[in-house]
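Colleague: I am new to this structure. Please take me through the terms used for it.

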Amino acid sequence: MTTLHFAQSLRELVGGVDVVLSDIWGVVHNGLESFPEACEALHTYRSHGGTVILITNAPRPADSVQRQLRKLGVADETYDAIVSSGDLTRLYVAEHPGRKMFWLGPERDNSIYRGLDAKTAPLEDADYIVCTGLYDDETETAEDYRGMMLKARERKLTLVCANPDIVVERGDRLIYCAGAIAELYRELGGEVIFYGKPHRPIYERAMALAGERQGHTIDRKKVLAIGDSVRTDLTGAREFGIDCLFVTRGIHAEEFEGLDQLDPNSVMELFGHPPKALMRELKW
């Protein structure tokens, strides 16, 4: 399949769909403000009996993500549950008690180890690294960490990436995320464990929560993922065996100018395997 289907509304796509797994950043908000039509679409879908699980590569626990959503005006009624890469990273830390962690990330992400028996240490004394992001994502890029990553590789430290995203929207700008550092470390020969999309554990956790809400095991043919990233959302959904609605207003917005005029070869170049449908922005 190389043709693209452009949907005008979510309701065109959710007949027979029991569960929606929706990305947050780029679909529900842009980091500075929420998208009211997207929130309304998810809420309306829920009112028709569907289950909405928000899945996010935020390097923070779900309760922290929920507080941010509330500040941006996203009502709790928009979704049933949140699964974050931060939750899965916290589980890794909890399962390695007594080991010393070098934490790389901004102070706002300190909830990644809050309440855990986690010992932090300088890089030269650490047993592993947890990366939640750049210290200053407003001014830095992954290249600023090349020297640090070379030292980590010399010590053969495992890097646990709490956010596989390379970039994310903040207003009308793109800023670098933990995934950029993790990919650099991997290129340098370092070992990386990724939590979050497109990797399987976050989808398995989301499906388990959806099953609890529905009261039965969820058939993947009755699941629709929604996202704005080819690398994480589309790839993750495809590899997990579920359909994907791709929102084009997000991080790939400039690449998708004139998308409706693409030839099959260009479609394959952009997407590999195209999504079930595309929509500029999520609406009911």
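The exchange below deals with domains, their interface and the cores.

Modeller: This is a predicted model, where local features need pLDDT of at least 70, side-chain atom pairs count only at pLDDT 80 or more, and totals for chains, interfaces and linings use all residues. Residues are numbered from 1 along each chain as its sequence is written, and side-chain values use heavy atoms, with hydrogens and water left out.

Colleague: What makes domain 1 and domain 2 domains?

Modeller: An automatic or database domain assignment sets the bounds. That assignment gives domain 1 (10-57 + 198-279) and domain 2 (94-194).

Colleague: Why is the pair arginine 231 and glutamate 183 called a salt bridge?

Modeller: A salt bridge is a side-chain nitrogen of Lys or Arg within 4 Å of a carboxyl oxygen of Asp or Glu. The closest N and O atoms of arginine 231 and glutamate 183 are 2.9 Å apart, so the pair meets the rule.

Colleague: How many salt bridges does the rule find across the interface of domain 1 and domain 2?

Modeller: One. In addition, 11 residues of domain 1 are in contact (heavy atoms within 4.5 Å) with 13 residues of domain 2.

Colleague: How do you know where the largest nonpolar core lies?

Modeller: A nonpolar core is a set of buried (under 20% relative accessible area, 1.4 Å probe, protein chains only) Ala, Val, Leu, Ile, Met, Phe, Trp, Tyr and Cys residues joined through side-chain atoms within 4.5 Å. The largest has 36 residues, of which Leu21, Ile53 and Ile242 touch the most other members. Domain 1 and domain 2 both give residues to this core, so it lies between them.

Definitions and conventions. Buried means under 20% relative accessible area, exposed over 50%, partly exposed in between (1.4 Å probe, protein chains only).
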